[in-house]
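Please examine the sequence and the structure shown below. The paragraphs that follow lead from the surface to the helices and then to single residues.

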Amino acid sequence: MPMLCRWIEERLGKHLHPDSLSRVVRELDLSREKTRPRHPGSDEGAKVAFAKGLCRAVAEVAADHPGRRIGLWFQDEARVGQKGRTGHR
């Protein structure tokens, strides 16, 4: 936020404390956008190979069931067994 405060001060000549700017941002129903973290050991080649294999597998299933709608479901196994926020109160 301090960078945004500086930008506002330089551009608009209005000094805002970061806490005040946070309140303004919340009132406007905006949020901070953050980059998604990338694992240092991730392999781009493996991602591409997985995507190609997945497309091929879906195409094969679709060919086996002509005229039918194919659904593809994912589950994040890291979340299995975790309690939601209300479970910790």
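Patches are made of residues with over 30% relative accessible area and no salt bridge, where like charges are joined within 9 Å and nonpolar side chains (Val, Leu, Ile, Met, Phe, Trp, Tyr) within 5 Å. A salt bridge, in turn, is a side-chain nitrogen of Lys or Arg within 4 Å of a carboxyl oxygen of Asp or Glu. Accessible areas come from the Shrake-Rupley method with a 1.4 Å probe, and for residues only the protein chains shown count as cover. Val58, Val61, Ile70, Leu72 and Phe74 make a nonpolar surface patch of about 440 Å².

The model is predicted, so that local features need pLDDT of at least 70 and side-chain atom pairs count only at pLDDT 80 or more, while totals for chains, interfaces and linings use all residues. Residues are numbered from 1 along each chain as its sequence is written, and side-chain values use heavy atoms, with hydrogens and water left out.

The protein chain has three helices and zero strands; helices (H or I, at least four residues) and strands (E, at least two) are DSSP runs, numbered from the N terminus. The chain exposes about 9,000 Å², of which carbon and sulfur atoms supply 54%. Of its 89 residues, 4% are buried; buried means under 20% relative accessible area, exposed over 50%, and partly exposed in between (1.4 Å probe, protein chains only). Cys5 is buried at 6%, whereas Cys55 is exposed at 55%. With a disulfide defined as a pair of cysteine sulfur atoms within 2.5 Å, the count comes to zero.

In helix 2, Glu27 forms a salt bridge with Arg23, their closest N and O atoms being 3.8 Å apart. These two residues are four residues apart, about one turn of the helix. Glu27 is exposed at 60% relative accessibility, and Arg23 is partly exposed at 41%.

Asp29 follows in the loop between helix 2 (18-27) and helix 3. Most residues other than glycine have a negative phi. Asp29, although not a glycine, has a positive phi of about 60 degrees, and its relative accessible area of 70% makes it exposed.

At the N-terminal end of helix 3, Asp43 acts as a cap: a side-chain oxygen lies 3.2 Å from the backbone nitrogen of Gly45. Within helix 3, Glu44 forms a salt bridge with Lys47, the closest N and O atoms being 3.3 Å apart. After helix 3 comes the segment that holds Ile70, a partly exposed residue at 35% relative accessibility.

Note on methods
Polar contact = N/O pair within 3.5 Å; in protein donor to acceptor, adjacent residues only side chain to side chain.
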